[in-house]
Amino acid sequence: MFNFLRMSAEVKPSTETRWLTYFTKYETHTPLNRLWMKELKAWVLDRPRLAQSRLLDYGCGHFDLGLQISSNVGGIDGYDANTPLVLELKSRLQRELPTTLVFPKTDDIPLATYDLIVMNSVSQYLGTRENLRMFFRRARQWSKPSGELLISDIIPVPYSPARDAIRSLVFSSLHGMLLPMIRHLYFAVRNPSDTSFLQIYAEELFALAHTEGWKGKRLPRNLTPSNARYTAHFTQDTQ
């Protein structure tokens with residue numbers, strides 16, 4: 001789902017718990033979230049083989065992506081580090097998607113289960129390259145032998161947050177979402193400013209993934225309107 005500034009953590013979280021509070025309180029504007037993930041949803045649904053496949057949304061937030069595509073895939077589960085949010089989701093999804101599982105801990109995610117793992121606007125919060133490398137290792141364990149991985153909204157080097165914010169404001173305005181975006185950016189700026197966001201060149205990202213058995217390529221465009229960022233698709237390197 002869309003999160004211009006968002007929290008989800010892996011093995012050694014680099015972010016602070018205040019981000020969890022921010023995300024729970026302010027990242028709830030579903031129309032804006034869905035606008036931001038429109039191309040991501042289209043990419044998933046344009047892959048016919050996923051109709052019978054099981055997916056994992058890593059850093060699922062309010063599970064907007066899962067709710068949108070659940071009827072078009074074999075199944076979709078979620079993981080998020082925000083335990084209160086996960087408990088809320090479990091209660092909600094028990095009624096709406098009873099076969100969906102949502103995990104608050106990475107150790108709970110089943111092994112050799114997923115055909116595609118999606119991580120959208122989360123990689124920057126892993127904080128270090130070592131944490132990112134560990135994510136690639138765990139993702140390989142959670143995936144089936146033919147499983148794939150999609151990471152979108154990756155922050156490159158160099159990167160201008162100001163330009164990215166301006167682009168987000170313009171895009172939101174064109175789609176009638178200017179006020180929600182202003183509200184989002186306002187609370188984002190007022191909340192934790194001491195987090196070190198992970199920025200990484202695509203070539204370095206692919207080299208890091210390769211050490212854990214993945215081969216990747218950069219998609220022609222990012223799968224969110226944040227065109228200052230990029231999306232990468234990975235398949236397992238069996239050689």
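**Exercise 1.** Decide whether Asp 164 is buried or exposed.

*Solution.* Start with the cut-offs: buried means under 20% relative accessible area, exposed over 50%, partly exposed in between (1.4 Å probe, protein chains only). Asp 164 has a relative accessible area of 0%. Asp 164 is therefore buried.

This is a predicted model, where local features need pLDDT of at least 70, side-chain atom pairs count only at pLDDT 80 or more, and totals for chains, interfaces and linings use all residues. Residues are numbered from 1 along each chain as its sequence is written, and side-chain values use heavy atoms, with hydrogens and water left out.

**Exercise 2.** Find which side chain meets Asp 164 in a salt bridge, and place both residues.

*Solution.* A salt bridge is a side-chain nitrogen of Lys or Arg within 4 Å of a carboxyl oxygen of Asp or Glu. The partner is Arg 229, at 2.8 Å, N to O. Asp 164 sits in helix H7 (residues 161-174), Arg 229 in the loop between strand S6 (214-218) and strand S7 (230-236). Helices (H or I, at least four residues) and strands (E, at least two) are DSSP runs, numbered from the N terminus. The two residues are 65 apart, so the pair links distant parts of the chain. Arg 229 is buried too, at 3% relative accessibility.

**Exercise 3.** Work out what the salt bridge of Glu 148 and Arg 49 ties together.

*Solution.* Their side chains meet at 2.7 Å, N to O. Glu 148 belongs to strand S5 (residues 143-154); Arg 49 belongs to the loop between helix H3 (38-45) and strand S1 (54-58). The pair therefore ties together parts that are 99 residues apart in sequence. Glu 148 is buried at 8%, while Arg 49 is partly exposed at 37%.
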